[in-house]
Amino acid sequence: MRSRASPARRSAWAKAYMQTLVERDVQTQDFRGLRRLQAHTGRDFITGIVLYDGDKALRFGDGMWAVPLAAL
């Protein structure tokens, strides 16, 4: 029996996840839910993005970004 996805690549169901924060400052704990989702989905998790009321895109570790709402 063949597997649906090779271990070397992501499945067709790979996703990026986003949440919105209404704060000017972003902190590591704002990514708690996204990190749990990342642990649960494994290789299917592409990136997690927190939209916030700031002015710079900031990296918060592997696949995690804080992006200004204005960037939309």
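These legends accompany an overview and three close-up views of a predicted model.

**Figure 1. The whole protein chain, with 1 helix and 4 strands.** Let us start with the overall layout before zooming in. Read from the N terminus, the elements follow the order β-α-β-β-β. Of the 72 residues in the protein chain, 26% are buried. The chain exposes about 5500 Å², and carbon and sulfur atoms supply 53% of that area. Taking contacts between residues at least 6 apart in sequence, 50% of them join residues at least 24 apart.

**Figure 2. A close-up of Asp30, a buried residue without a salt bridge.** Asp30 sits in the loop that runs between strand E1 (15-20) and helix H1 (32-41). How far away is the nearest side chain of opposite charge? That side chain belongs to Arg32, and the distance is 6.8 Å. A salt bridge calls for a side-chain nitrogen of Lys or Arg within 4 Å of a carboxyl oxygen of Asp or Glu, so a pair at 6.8 Å does not count as one. The side chain of Asp30 does have a polar atom 2.7 Å from the backbone nitrogen of Gln27. Setting aside residues up to four places away in sequence, Asp30 touches Gln19, Leu21, Asp25 and Val50.

**Figure 3. A close-up of the aromatic pair, of which the structure holds 1.** The partners are Phe31 and Phe60, whose ring centres are 4.6 Å apart. Their planes meet at 25°, so the pair is stacked; the cut-off for that label is under 30 degrees. Which parts of the chain does the pair tie together? Phe31 belongs to the loop between E1 and H1, while Phe60 belongs to the loop between strand E3 (58-59) and strand E4 (64-68). The pair therefore links parts that are 29 residues apart in sequence. Both Phe31 and Phe60 are buried.

**Figure 4. A close-up of Thr20, a residue of strand E1.** Is Thr20 buried or exposed? Thr20 has a relative accessible area of 54%, and because exposed means over 50%, Thr20 is exposed. Beyond its neighbours within four places in sequence, Thr20 is in contact with Leu51 and Leu69. Val67 is also worth finding in this view: the C-alpha atoms of Thr20 and Val67 are 9.6 Å apart in space, with their positions 47 residues apart in sequence counted as separation.

Key. Residues are numbered from 1 along each chain as its sequence is written. This is a predicted model: local features need pLDDT of at least 70, side-chain atom pairs count only at pLDDT 80 or more; totals for chains, interfaces and linings use all residues. Side-chain values use heavy atoms; hydrogens and water are left out. Helices (H or I, at least four residues) and strands (E, at least two) are DSSP runs, numbered from the N terminus. Buried means under 20% relative accessible area, exposed over 50%, partly exposed in between (1.4 Å probe, protein chains only). Lys and Arg count as positive and Asp and Glu as negative; His and the chain ends are not counted. A polar contact is a pair of N or O atoms within 3.5 Å; within protein, one must be able to donate a hydrogen and the other to accept it, and residues adjacent in sequence count only if both atoms are side-chain atoms. Contact means heavy atoms within 4.5 Å. Rings of Phe, Tyr and Trp (its six-membered ring) pair if their centres lie within 6.5 Å; planes under 30 degrees apart count as stacked, over 60 as edge-to-face and the rest as tilted. Accessible areas come from the Shrake-Rupley method with a 1.4 Å probe; for residues, only the protein chains shown count as cover.
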